[in-house]
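Trainee: I would like a close look at a single part of this model. Please take one buried position and work outward from there.

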Amino acid sequence: MSTVGPYVGIKVLDFGQVMAAPYAGMILADLGADVVKIESPSGDATRNYTPPDVGGESPYYLFVNRNKRGIAIDLKSEDGRAAILAMAETADVVIENFRAGTMDRMGLGYEVLQELNPHLIYAAVSGYGRKGPFSNKAGYDPIAQAESGLMSMCGEPDGPPTRIGISVIDMITGTFAAQAISAALYARRDTGTGQYIEANLFATAANMLGNFGAQSLMVGDNPHRAGSGSQAAQPAGVYLSADGEFMLTIGNEGMYQRFCENVIERPDMAGDERFATNTHRLINKLALTEELNAVFATRSNAEWLERMNAYGIPAGEINSVHGALNSPMAEATNLVAMAPHTTLGELRTMMPSFRLSATPVRDPIGAPLLGEHTRDVLRDWA
């Protein structure tokens with residue numbers, strides 16, 4: 001158990017499986033909460049998400065369950081139910097992402113637990129919410145990306161819709177759930193009582209449409225994908241240099257002026273009526289891209305990035321995953337740390353992307369083995 005972090009002393013029962021709900025639990029654990037990962041005797045499905053593996057363990061499971069203690073328990077048995085009820089009496093938070101009605105059928109639903117412990121905050125994570133025509137439909141990140149309109153915004157304009165290559169909706173749903181739990185903990189200081197929280201993948205994915213969702217609601221249009229470029233600002237996108245490629249985004253007129261005069265040394269492009277304002281550059285995007293590609297072909301990636309950095313132009317090399325996690329930027333932001341694991345020794349893991357000066361996040365520990373802390377947790381909590 002942690003002795004560091006703003007949530008030291010907060011007790012969380014994490015019934016979450018796979019990614020979205022366990023991610024919420026991981027955030028709370030990073031912040032010092034005592035998060036107990038509850039698994040069936042067969043374990044979370046992500047324990048079998050291999051290859052690749054680390055000493056037989058799944059990197060997927062190891063990532064999303066760091067800083068947690070783990071118990072294995074049969075929730076359908078009388079003894080298992082009794083153990084959960086005993087722990088719930090003193091718990092602060094329950095997180096689950098079972099199908100609608102599953103916890104109720106096991107006698108562990110919100111009404112039962114809230115009556116047992118009025119201070120309890122209960123967070124239900126699902127694909128489509130706990131009510132409505134889709135409440136019993138299985139929710140998965142790629143499907144949420146498709147159904148929400150998000151996938152229609154990804155990919156090249158003349159190509160097929162493309163899924164974002166990571167489970168970003170799962171992780172953001174988990175982040176929203178953790179944020180809501182934090183708000184409920186804050187509210188409980190005044191009310192003395194807990195509350196019921198819902199977070200779902202579809203609504204998260206729709207929220208991530210951001211300005212494009214707002215545009216569609218307010219204007220009534222149907223925004224379309226623009227590849228790596230932007231429908232809001234130009235120049236923006238992936239450009240080829242003499243020896244590689246980089247991402248460039250220019251967000252305002254002053255930036256474009258500096259870019260033309262100092263970076264590419266083409267002041268004529270700032271004065272060209274086709275490119276004089278962002279509106280003109282959006283209309284004449286193809287011509288602008290053709291002009292810039294000819295310029296960028298004259299120097300190396302490193303040269304262009306150095307020049308752009310010198311004049312405050314947002315641009316960056318397109319890293320691989322391995323390259324990004326082993327970059328000077330990762331080192332400077334303390335992104336990677338070592339986490340001790342019971343059987344695997346020291347493992348490299350990612351730290352949270354935020355920092356707190358007075359109540360820092362905890363030093364990481366590896367994800368639990370299946371049922372590793374069952375005796376300890378039952379002794380401590382029940």
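Mentor: Start with Glu 96, which lies in strand S4. The model is a predicted one. Glu 96 counts as buried because its relative accessible area is 5%, and the cut-off for buried is under 20%. Its side chain is joined to that of Tyr 122 by a polar contact of 2.7 Å. Leaving out residues up to four places away in sequence, Glu 96 touches Phe 15, Gly 16, Ala 21, Met 103, Tyr 122, Ala 123, Ala 124, Val 125 and Arg 130.

Two nonpolar cores come next. Tyr 122, the polar partner of Glu 96, is included in a core of 24 residues, as are Val 36, Leu 108 and Tyr 110. That core is separate from another one, the largest, which has 41 residues. In the largest core, the residues that touch the most other members are Val 12, Leu 28, Val 93, Ile 95 and Ile 181. Strand S4 (93-96) is one of the elements that supply at least two residues each to this core, and the others are helix H1 (20-30), strand S5 (121-126), helix H7 (168-191), strand S6 (196-200) and helix H8 (201-207). H7 gives the most, nine residues. In soluble globular proteins, nonpolar side chains tend to be buried together.

Leu 28 shows how parts of the chain meet. Apart from neighbours within four places in sequence, Leu 28 is in contact with Tyr 7, Val 12, Ala 33, Val 35, Ile 95, Ala 178 and Ile 181.

Now consider the loop between strand S1 (11-14) and H1, where Val 18 lies. Val 18 has a positive phi of about 65 degrees, though it is not a glycine. Most residues other than glycine have a negative phi. Val 18 counts as partly exposed because its relative accessibility is 25%. Asn 67, in the loop between H2 and strand S3 (69-72), also has a positive phi, near 65 degrees. Asn 67 is buried, however, with a relative accessible area of 3%.

For a contrast with Glu 96, turn to Leu 217 in helix H9 (residues 210-219). Leu 217 is exposed, since its relative accessible area is 78%. Together with Met 218 and Val 219, Leu 217 makes a nonpolar surface patch of about 430 Å². To return to the starting point, Glu 96 is buried and its side chain has a polar contact with that of Tyr 122.

Key
Residues are numbered from 1 along each chain as its sequence is written. This is a predicted model: local features need pLDDT of at least 70, side-chain atom pairs count only at pLDDT 80 or more; totals for chains, interfaces and linings use all residues. Side-chain values use heavy atoms; hydrogens and water are left out. A nonpolar core is a set of buried Ala, Val, Leu, Ile, Met, Phe, Trp, Tyr and Cys residues joined through side-chain atoms within 4.5 Å. Buried means under 20% relative accessible area, exposed over 50%, partly exposed in between (1.4 Å probe, protein chains only). Helices (H or I, at least four residues) and strands (E, at least two) are DSSP runs, numbered from the N terminus. Contact means heavy atoms within 4.5 Å. Patches are made of residues with over 30% relative accessible area and no salt bridge: like charges are joined within 9 Å, nonpolar side chains (Val, Leu, Ile, Met, Phe, Trp, Tyr) within 5 Å. Accessible areas come from the Shrake-Rupley method with a 1.4 Å probe; for residues, only the protein chains shown count as cover. A salt bridge is a side-chain nitrogen of Lys or Arg within 4 Å of a carboxyl oxygen of Asp or Glu. A polar contact is a pair of N or O atoms within 3.5 Å; within protein, one must be able to donate a hydrogen and the other to accept it, and residues adjacent in sequence count only if both atoms are side-chain atoms.
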